[in-house]
Amino acid sequence: MRSIVQVLAAAVFAATAVARPFAAGPKVVTTTEDLAAIVREVGGDRVSVESLARGYQDPHWVEAKPSFILKLNTANLLVAVGRELEIGWLPALITQSRNTRIQPGAPGYLDASGNVKILEIPPGQITRAMGDVHPSGNPHYWLDPDNGRRIAQAIRDKLGELAPGDRAYFAQRYEDFDRRLAEAQKRWDAAMAPFKGAKIVTYHRSWPNFADRFGLNIIGYVEPKPGIPPSTQHTVDLIAEMKRQNVKVILVEPYFDKKTPNAIARDTGAVVLDMLPSVGGVAQASDYIKLFDYDVDLLVATLKKVSGK
Ligand SMILES: [Zn+2]
């Protein structure tokens, strides 16, 4: 019979054998849950990953917690959306982390926007009067699945650089994600096809890449300018335009006040839709593909209803 010490030791080794790949691989911190979800797809159990922002939070304005600094302090890799999405909260945290590995420009800092399709890059001079305009283009680019694939490629390459021994593993995980994403895209494209050119209004400019991908026509925004709360005059103009163009759908991100969208809906007969811009916005949208499943299902059901198709 084995002694209690042997039994305990065996149990500890068994636990270590299970836990070791998590502890040994690169420790990745991402700014958003979308990026964390893609790291998980590619990194599998050879990395650990945590997101700073939650999927139901406005990624432009995330309240910095002391725990974020601790997470960043020990990270091997920080993955950010970039294009100034996190400019209001991330730079100070990176400095305070005192972690030289993850400073912008260091090997442990990955701006996920390097190789993606970016829309709305403003021409000419940016002025304050334009509101909270992103001079390097719209940062909500992850809402096009083709960009999700490009983000996954950048993550695959970066993880391979940090953990060269696992390069083949990351490459195989990427291939698998790519295949599942391509299958899902066929499904989403087919579901959205009858609604090509459908006119919608969105609260914030979160959806240009999504609209571009699925052929939706965004005719206006509840915000008069990005980051500027609704004003009476803008709302009156928007209502008139929605009536003129017979627009029946308003997409609202979960972190915005619904008062104005609901008032617009009452006046125009439109439907207010809680579309999720990020993984984790609700429990069901638990990974990158499930996020699009959720949004496409919701949007298609609503467009069917309002168009009678
Ligand atoms: Zn934005």
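**Close-ups of a zinc-binding chain**

**View 1. Meet the whole chain.** You can pick out 10 helices and 8 strands here. Keep in mind that this is a predicted model. From end to end along its principal axes, the C-alpha trace covers about 80 × 45 × 35 Å. Of the 309 residues in the chain, 48% are buried.

**View 2. Zoom in on the zinc ion.** Three histidines from the protein serve as donors: His60, His140 and His204, each through its NE2 atom. These donors lie 2.1 to 2.2 Å from the zinc ion. Read along the sequence, the donor residues follow the spacing H-x79-H-x63-H.

**View 3. Two of the donors, up close.** His140 sits in the loop between strand E4 (109-111) and helix H5 (145-162), while His204 sits in the loop between strand E5 (199-202) and helix H7 (208-214), so this pair ties together parts that are 64 residues apart in sequence. Are these two buried or exposed? His140 is buried, with a relative accessible area of just 1%. His204 is buried too, at 4%.

**View 4. Who touches whom.** Take the contacts between residues at least 6 apart in sequence: 64% of them join residues at least 24 apart.

**View 5. A look at the surface and the charges.** The chain's accessible surface adds up to about 14600 Å², and carbon and sulfur atoms account for 55% of that. As for charge, count 38 positive side chains and 34 negative ones. The centres of those two sets lie 2 Å apart.

Key: Residues are numbered from 1 along each chain as its sequence is written. This is a predicted model: local features need pLDDT of at least 70, side-chain atom pairs count only at pLDDT 80 or more; totals for chains, interfaces and linings use all residues. Side-chain values use heavy atoms; hydrogens and water are left out. Donors are N, O and S atoms within 2.8 Å of the metal (3.2 Å for Na, K and Ca); water is not among the atoms, so sites may look incomplete. Helices (H or I, at least four residues) and strands (E, at least two) are DSSP runs, numbered from the N terminus. Buried means under 20% relative accessible area, exposed over 50%, partly exposed in between (1.4 Å probe, protein chains only). Contact means heavy atoms within 4.5 Å. Accessible areas come from the Shrake-Rupley method with a 1.4 Å probe; for residues, only the protein chains shown count as cover. Lys and Arg count as positive and Asp and Glu as negative; His and the chain ends are not counted. The place of a charge is taken as NZ of Lys, CZ of Arg, CG of Asp or CD of Glu.
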